[in-house]
Amino acid sequence: MSETAGGRPAALLAAAWSDLGDSPALVVTGAGISLASGISTFRGSDPGAIWEASDMELATVDYFERDPVGQWRWYLERFRRLDDAEPNPAHYALADLERLHAAGGGELTVVTQNIDLLHERAGSRRLIKVHGSSDRVRCSRVGCRHGAPAGSLPRTEVDLERFRRSPAQDTLPRCPLCAAPLRAHVLFFDEYYQEHVDYRFGDAMAAAERAALVLFAGTSFSVGITDLIGRAARRRRVPVFSIDPNPAPQARVYGVRTLAARAEEVLPELLAVLGGPAASSGRDQTQEES
Ligand SMILES: [Zn+2]
C-alpha cells in the first residue's frame with residue numbers, strides 16, 4: 001500500500017473508514033464517477049452534436065417551453081447513451097462497500113447527481129437520485145397524477161418511437177391522462193430540489209446530518225446539494241474526503257481531503273484495504289469511449 005491511488009489521503013480515507021464502526025457514511029457522486037462508463041456530461045466531446053445551445057440551456061424548463069421538440073431530441077440521444085453504458089469498478093466497489101458496511105451494522109447512503117442507472121445496476125440499495133432518473137418521464141403539467149409533485153411514468157411505458165422517427169410538435173410524447181407534453185423526469189437547472197418528491201431532498205439532507213464520514217466522488221462542490229452537504233459536514237466537523245483527478249479549489253472551503261485520482265481506482269482499492277470482496281473480479285470491464 002505504499003503507492004495508493006491518491007497517495008496519503010487514500011491511506012487517511014481508509015483509516016477514517018476503518019474508524020467508522022457502525023456509524024453512518026455518506027457518499028456523494030457526480031458525473032466524474034460515470035466517465036469511465038463512457039458517459040460524458042458535456043457535448044464538447046461529442047463531434048456529432050447538432051445542437052447550438054449548451055447543456056445548461058437545454059436542460060431548463062425555459063427551453064422545454066420554448067422548444068420541446070428540440071429538448072426531446074436531445075434527451076432521446078442522451079437516454080440512448082445512458083442506456084448503452086455499463087457500471088464501472090467505482091460503481092461496483094460502492095455497492096460492495098454498502099454491503100460491507102451494512103454487515104457491520106452501519107448504513108452507507110449514496111446521493112448521486114447522476115440520472116444514469118449505473119449505481120442501481122451495480123447493486124447500490126440506499127440510493128438517493130437527487131437529480132432524477134433517466135428511466136422515467138413525467139407529465140409537464142404540475143398537479144397531474146403523472147406529473148410533479150409526486151407523479152412519473154416508466155420511460156418504457158411511453159411510445160417514443162413515433163417522435164424518434166419524425167420529431168415534430170404533433171409527435172411529441174404526451175401524457176396518457178391529460179395529453180400535456182411529457183418531459184424528462186430530471187431536475188432542470190432552473191428548478192428546485194423540492195419540486196418533486198422523487199428527488200428526496202429531505203432524505204439527502206437528513207443523511208448529511210447523520211453521516212460520520214462524507215466522501216465526494218467525481219463531483220465539484222460549487223452548486224446545489226454538494227454545497228449544502230459540504231457545509232453540513234464542515235459544521236458538524238466530520239471527516240470529508242473527495243476523489244477528484246482534477247481537484248476543485250472550492251474543496252478547501254469545506255476542509256476536504258482530496259485524493260487526486262480516479263474513483264474507479266480509489267474505490268476498489270479502499271474496498272480491498274477494508275477487506276471487502278475483490279472489486280470487479282469476474283465482472284466485465286467496460287470499454288471507454290472518451
Ligand atoms: Zn398529465
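Two residues count as being in contact if their C-beta atoms, placed from the backbone, lie within 7 Å. On that basis, in this predicted model, residues 24 or more positions apart account for 67% of the contacts in the chain with a separation of 6 or more. The chain has 290 residues, and 44% of them are buried. Its secondary structure adds up to 10 helices and nine strands.

Helix α5 makes a handy way into the fold. It runs over residues 89-103, and at 1.5 Å a residue those 15 residues should span 21 Å. The C-alpha atoms at the two ends of α5 do sit 21 Å apart, so the expected and computed spans agree. Just after α5 comes G105, which takes a positive phi of about 90°.

How much of α5 is tucked away? Of its 15 residues, 11 are buried, so the helix is largely enclosed by the rest of the structure. The buried set includes P89, A90, H91 and Y92, along with D96 and H101. As for what surrounds them, the buried residues of α5 pack against three strands and two helices by name: β1 (25-29), β2 (108-112) and β7 (213-217), plus α6 (118-122) and α10 (263-273).

One of these partners, α10, contains P268. With 24 other C-beta atoms within 10 Å, P268 is buried, because the cut-off for that label is 20 or more. P268 and D96 are 172 residues apart along the chain, yet their C-alpha atoms are separated by 9.1 Å. D96 itself is among the buried residues of α5.

Definitions and conventions: Residues numbered from 1 in each chain as written. Predicted model: local features only at pLDDT ≥ 70, side-chain atom pairs only at ≥ 80, totals over all residues. Helix = DSSP H or I, 4+ residues; strand = E, 2+ residues; numbered from the N terminus. Expected span 1.5 Å × (residues − 1). Buried ≥ 20, exposed ≤ 12 C-beta atoms within 10 Å, placed from the backbone.
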